[in-house]
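I opened my notebook to look around a protein chain and write down what I found. Come along and check each entry against the picture.

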Amino acid sequence: MQTWAGGQASVAPMHQADLLALWHRVRDRLDGFIDAERGRFVLWLPLAMTAGAAVYLLRTAEPHPLMGPAACFQSLWLFWRFRQRRVMSAIFALLAAAALGFIAGQAARWTAAPMPELPRRAAIIEGRVAAVEALPVGRRVMISNAALDTAAPLNRDLRIRLRNNDEAAIGTGDIVRLRALLQRPSPPAYPGAWDLQRDAYFSGIAGYGTALGKVEVVTPAPPGNWQSGVQKLRELIAGRITATLSGTEAAIAATLLTGQTASIPPADREAFRDSGLAHLLAIAGLHIGIVMGLVFGAVRWTLALSERAALFWRLKAIAAVAALAAGGVYLVLTGAHVPIQRSFAMACLVTLAILMGRRAVSLRGLAVAMAVIVLISPNVVLGVSFQMSFSAVLALISGYAAIRPALFAWGRNGGKWRHIAVEAAMLALSSALAGTASTPYGAYHF
């Protein structure tokens, strides 16, 4: 409390009884919140994990290696110690989850190779081609385990832009040699901007460069592993599309089938962004949903043509497994980016729910997908793909859970036109929910 005497403010000390009453009011509020969230409290744990990973990534200095494990162990011990008190146990459970996300960030840092010191002059680079990407003009290659001027190979990759007139036939797995000028990843353009250095560090990239001469193939690719086979398949698909179509149509078609967006012209990319349709170029739930939905419908319809299969087989479960397999192929083919990882993780849970006869789409599935991605790739939590993807799906699931019963009840009490109106309303509702939830993140990042 404040009292005024002689034109000066003096603060009267708060009595112990006042502090105790304040604590009781806070505890009652928290008890009410926990009662309201009973059965759904587990959904808050992945959010706490995300917050813990973000705290680690936003630090300007590396913490002590035992900081995360010690905080997690202490929080778990306190959770067990106060397990009979709902408020205290909930607080310590959230702290333990946040510490687990912090540990995931530390683990990603420990397993990442150190950043090498790149030469400030032109260097001779020799290494194995990990990927070849088509640009609006020219190409760029990703070279893994590159050796600079016959020195020891790097433990990281180099992304080199080839000369526009370089038409050498190179593919994934080839060992190549070229002369290039290298540079390290750039720091943020301004405070709060996207940190390319952090992104490159966790992506295993040492730097970028520009070729000063034509690339030379030292050794053609031998029969490689499945990763190189998948990359070659992506390049083959993109090449066939480019040979059949032209311009922006070819670039967008290649993006939707292979996930390689580098070939889209900058003007068209800006047009998609200005019109609010940039999310269509990011392979995510919409695209894998279309693929899995088509496969699910085709397999179920085909099996239903057989009387025996329709009567004795679980057609829905069989179609769901086939659709999941198709989704896994599409995931690998498009590069397994964060949004499609989230979508495929939820698709796995949906398939499992169908096989067990449980509810397919739920917030618990979204929470499990978030927890898995934070543990595997904690560095993505600061990226726009992670934030927009999960916020949009969260809004869709929560919004439909609240509105869908009343909307369907209204549609059932009418004729054909009400049914059509319900379908149109659901399309508009999906766009409104996803757009409203993801717009703040898009506005912040872009």
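My entries follow, starting with the whole chain and moving on to single residues.

**Entry 1: the whole chain**

I noted at the start that I am working with a predicted model. I looked up the secondary structure and found 15 helices and eight strands in the chain. Next I took the extent of the C-alpha trace along its principal axes, and this came to about 80 × 75 × 45 Å. I also asked what share of the 446 residues counts as buried. The result was 38%.

**Entry 2: the nonpolar cores**

I kept one general idea in mind here: nonpolar side chains tend to be buried together in soluble globular proteins. Which residues touch the most other members of the largest nonpolar core? I wrote down Met346, Leu366, Val374, Val381, Phe386 and Phe390, out of 23 residues in that core. Then I checked which helices contribute to this core, and at least two residues come from each of helix 2 (44-57), helix 4 (86-111), helix 13 (363-376) and helix 14 (384-412). I also found a second core, separate from that one, with 20 residues. Leu118, Ala146, Leu148 and Val176 are among them.

**Entry 3: helix 14 against helix 15**

I turned to helix 14 and its partner, helix 15, which covers residues 416-445. Their axes come within 8 Å and cross at roughly 155 degrees. An angle over 145 degrees counts as roughly antiparallel, so that is how helix 14 and helix 15 lie relative to each other. I looked up the handedness as well, and the crossing of these two helices is right-handed. Sorting the residues of the contact between helix 14 and helix 15 by class, I got 19 nonpolar, eight polar and one charged.

**Entry 4: helix 2 against helix 13**

Are helix 2 and helix 13 roughly parallel or roughly antiparallel to each other? I found their axes 9 Å apart, packed at an angle of about 25 degrees. Angles under 35 degrees count as roughly parallel, and therefore helix 2 and helix 13 are roughly parallel. The crossing of helix 2 and helix 13 is left-handed.

**Entry 5: aromatic pairs**

I reminded myself that a pair of aromatic rings is described by the distance of the centres and the angle of the planes. How many aromatic pairs does a search of the whole structure find? It finds four.

I wrote up Tyr56 and Phe102, one of these pairs, as edge-to-face, with 5.4 Å from centre to centre and 85 degrees between the planes. Tyr56 belongs to helix 2 and Phe102 to helix 4, so this pair ties together parts of the chain that are 46 residues apart in sequence. Are these two residues buried or exposed? Tyr56 has a relative accessible area of 6% and is buried; Phe102, at 7%, is buried too.

I then looked at Phe82 and Phe92, which form a stacked pair with 5.9 Å between centres and 25 degrees between planes. Phe82 sits in the loop between helix 3 (67-81) and helix 4, while Phe92 sits in helix 4, so the parts this pair ties together are ten residues apart in sequence. I checked burial here as well: both Phe82 and Phe92 are buried.

**Entry 6: a backbone angle**

Most residues other than glycine have a negative phi. I stopped at Asn145, which is not a glycine and yet has a positive phi of about 50 degrees. Where is Asn145? I found this residue in strand 4, residues 139-148.

**Entry 7: distances in sequence and in space**

I picked Pro65 in the loop between helix 2 and helix 3. Pro65 is partly exposed, with a relative accessibility of 44%. From Pro65 to Ile103 I count 38 residues in sequence and 9.0 Å in space, C-alpha to C-alpha.

I did the same for Arg300, which is in helix 9 (residues 285-304). Arg300 is partly exposed at 36% relative accessibility. Arg300 and Leu58 are 242 residues apart along the sequence, and their C-alpha atoms are 48 Å apart.

My last stop was Ala96 in helix 4, which is buried at 7% relative accessibility. Ala96 and Pro114 are 18 residues apart in sequence, with 29 Å between their C-alpha atoms.

Technical notes. Residues numbered from 1 in each chain as written. Predicted model: local features only at pLDDT ≥ 70, side-chain atom pairs only at ≥ 80, totals over all residues. Heavy atoms only, no water. Core = buried A, V, L, I, M, F, W, Y, C linked by side-chain atoms within 4.5 Å. Buried < 20%, exposed > 50% of the residue type's maximum accessible area, 1.4 Å probe, protein only. Helix = DSSP H or I, 4+ residues; strand = E, 2+ residues; numbered from the N terminus. Axes fitted to C-alpha atoms, helices over the stretch in contact; angles between N-to-C directions. Parallel < 35°, antiparallel > 145°, perpendicular 65-115°, else oblique. Left-handed = near helix turned anticlockwise from the far one by under 90°. Nonpolar A, V, L, I, M, F, W, Y, C, P; charged D, E, K, R; others polar. Phe/Tyr/Trp six-rings, centres within 6.5 Å; stacked < 30°, edge-to-face > 60°.
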